[in-house]
Every structure is written in structure tokens, then in C-alpha cells.
Amino acid sequence: MRELIIIRGAGDLASGVGHRLKRSGFRVIMLEIENPTVIRRAVSFAAAVFAGEAEIEGIKAVKADTHQEAAALSQTNMIPVLIDPMGESIRTLEPDGVVDCILAKKNLGTNICMAPAVVAAGPGFTAGIDVHAVVETNRGHYLGRVIWDGSAEPNTGMPGNIGGYSKERLIKAPAQGKVRIIRDIGSMVKTGDPLCEIEGKYALAAIDGLVRGMIIDGSRVYEGMKIGDVDPRGSKVDYRTISDKARAIGGGVLEALLSIFDRRDMDA
């Protein structure tokens, strides 16, 4: 069995990374918060926190209640998801690698001393100081590139352009309160269709397309919070499979880890 990798975060991009590492033979444990606010639930292992298990393209994740259970499950063909927002289990489990895929656009506590190989996805980290390597997450020519010296491109504050649309794709909460979903993931919608209701106010689709992401029904949100997205490509998109962006980032993380482990073996 290959090295143990702990991934901080289990959203859609983190899940793409976890899926690739598991397929490549690594043992994988994913850490999440108690109430994940994931949008693309169909491709997020974080869904296991709510449902007990989640499956993406043939890989199943299951919720683990203790770090001992997570360690045991990591040796099977499944990925355990452990509620551990502060990463306290990392010291106990002593993984070979830690990957920060929280994608908070800032460092929430990951440091280069956590494991022999520490990799971070996106801005907020400096390779060689905070972590051993950083993987670019900004859409474009450098998506998935491994950075060994420096940082990823800064957060633009704008979602990636898909089909000519950017911020129009986003679904934001019209009020603070509890979400009642009207059109869930997988629904085809038209501009102006109500997607969800919060305290008597409705979030409406700004474009035609497929509801690709929607926060879990009953979630409590604040006004202006991102709670979903509509993909203008419509039925051409398979919302149940890992995105091109997640695959690119997963490839970058895999490259970084293998490079670090190869150097370690050569120096041994």
C-alpha cells in the first residue's frame, strides 16, 4: 500500500484531487467541517458528512467518526471523510503528505512541517515557505501547473468564464435564513425561473442552462452567499462527473507529490 495522504477539504475540487490520488494507489483521508457548504454536491465527497457515504466515478467515500476508523478505512478501496476542521488528526496520523484543498484563498493553518510532502491548491500559500509546492487553480493556460517557488495567481473575485458567462452563472442567497430548494441539481432552467426560496425571497436563474450546483436543502445561509450555479452548456454537461478543472488540479497535486517522494527516495 502506498503513502497516506490527508486532504484538507472535500468539496468538488478537493474530491477531484482525492479521486485521482486514490486511483493512483495512495491511501487517502479527507477532512471536512461539521456542516459543509458545498455547492456541487453530486461530485463532492463532503456529501458523505450528510448522507454517510458518497460515490463519484466508482470511488466511494464514507464518513468516519474517529481518526482510528479513518486510518483503517484508508487501507480499503474507500475514502474516509473525517470531521476535523482544524486538522488535529494530522499530528496523530502522521501522513506522508498533506494537501490543502480548502480553497479559502488564504491559509487556514496548513504549514510545511505537517508532513514530508505538503502541497496547497490556489492562492494564499508560498511554495518553499508555507508548503513544498503550490498548484495553480485559476482557469487559463496555467491551470494545474505545479509551482515550486512563489505563489498561485491571486484571487480575481470573478468566477471562470464558461460559454460566455461568468458572474451570471452564480446563484446567490437573496436573504439570510433557511434554504428551500425549488430546482435542484440536474434541473434544466430558463432565465427568470425560481431556483430556491429563503424567507419569502426567491433566487432566480440569470441565464438558461443546467443547475450544476445547489447547497443542500435546509442549509442556513447569509444574504449574498454563493449557494449554487447554472451551467450555460446545459444538457451537454454531466454534473455527476469530475470537472475539467478538478482533473487538472488533481493532476498537478499528483505530480507534486510524486516529485517530492522521488527526491526523498533518491536522498535516502
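What follows is a walk through the side-chain contacts of this predicted model, from its nonpolar interior to its charged pairs.

Let's start with the aromatics. Searching the whole structure turns up one aromatic pair. The partners are Phe 26 and Phe 261, with ring centres 6.2 Å apart and planes at 40°, which makes the arrangement tilted. In sequence these two are far from being neighbours: Phe 26 sits in the loop between α1 (12–23) and β2 (27–32), while Phe 261 belongs to helix α5 (residues 244–267), and 235 residues separate them. So the pair links distant parts of the chain.

Are these two rings buried or exposed? Phe 26 has a relative accessible area of 1%, and Phe 261 comes in at 3%. The cut-off for buried is under 20%, so both residues count as buried.

Phe 26 has some charged company too. The charged end of Arg 2 sits over the Phe 26 ring, 4.6 Å from the ring centre. Elsewhere you can find another arrangement of this kind, with the charged end of Arg 145 over the ring of Tyr 142, at 4.8 Å from the centre.

Now for the nonpolar interior. In soluble globular proteins, nonpolar side chains tend to be buried together. Here, the largest nonpolar core holds 40 residues, and the members touching the most others are Ile 7 and Leu 21. Helix α5 is the top contributor to this core, giving eight residues.

Leu 21 is a handy place to centre your view. If you ignore its neighbours within four places in sequence, Leu 21 is in contact with Ile 5, Ile 7, Phe 26, Val 28, Val 253, Leu 254 and Leu 257. Phe 26 from the aromatic pair shows up again in that list, and so does Ile 7, the other residue that touches the most core members. There is also a second, separate core, this one of 22 residues, with Leu 4, Ile 90, Ala 127 and Ala 152 among them.

On to the charges. How many salt bridges does a search of the whole structure find? The count is twelve, and a few of them are worth pulling up on screen.

Take Glu 53 and Lys 60 to begin with: their side chains meet in a salt bridge at 3.7 Å, N to O. Glu 53 is partly exposed at 43% relative accessibility, and Lys 60 is partly exposed as well, at 28%.

Next, look at Arg 139 and Asp 244, whose closest N and O atoms are 3.6 Å apart in a salt bridge. This pair links distant parts of the chain, with Arg 139 in the loop between β8 (133–135) and β9 (146–147) and Asp 244 in helix α5, 105 residues apart. Arg 139 is partly exposed at 28% relative accessibility, and Asp 244 is partly exposed with a relative accessible area of 47%.

Arg 180 and Glu 197 bring two strands into the story. Their salt bridge has its closest N and O atoms 3.0 Å apart. Arg 180 lies in strand β11 (residues 177–181) and Glu 197 in strand β13 (residues 194–198), so the bridge ties together parts that are 17 residues apart in sequence. The two ends have opposite settings in the accessibility listing: Arg 180 is partly exposed at 40%, whereas Glu 197 counts as buried at 13%.

Last stop: Arg 212, Asp 231 and Arg 233, which are linked in a network of salt bridges.

Notes:
Residues numbered from 1 in each chain as written. Predicted model: local features only at pLDDT ≥ 70, side-chain atom pairs only at ≥ 80, totals over all residues. Heavy atoms only, no water. Phe/Tyr/Trp six-rings, centres within 6.5 Å; stacked < 30°, edge-to-face > 60°. Helix = DSSP H or I, 4+ residues; strand = E, 2+ residues; numbered from the N terminus. Buried < 20%, exposed > 50% of the residue type's maximum accessible area, 1.4 Å probe, protein only. Lys NZ or Arg CZ within 6 Å of the ring centre and 35° of its normal. Core = buried A, V, L, I, M, F, W, Y, C linked by side-chain atoms within 4.5 Å. Contact = heavy atoms within 4.5 Å. Salt bridge = Lys/Arg side-chain N within 4 Å of Asp/Glu carboxyl O.
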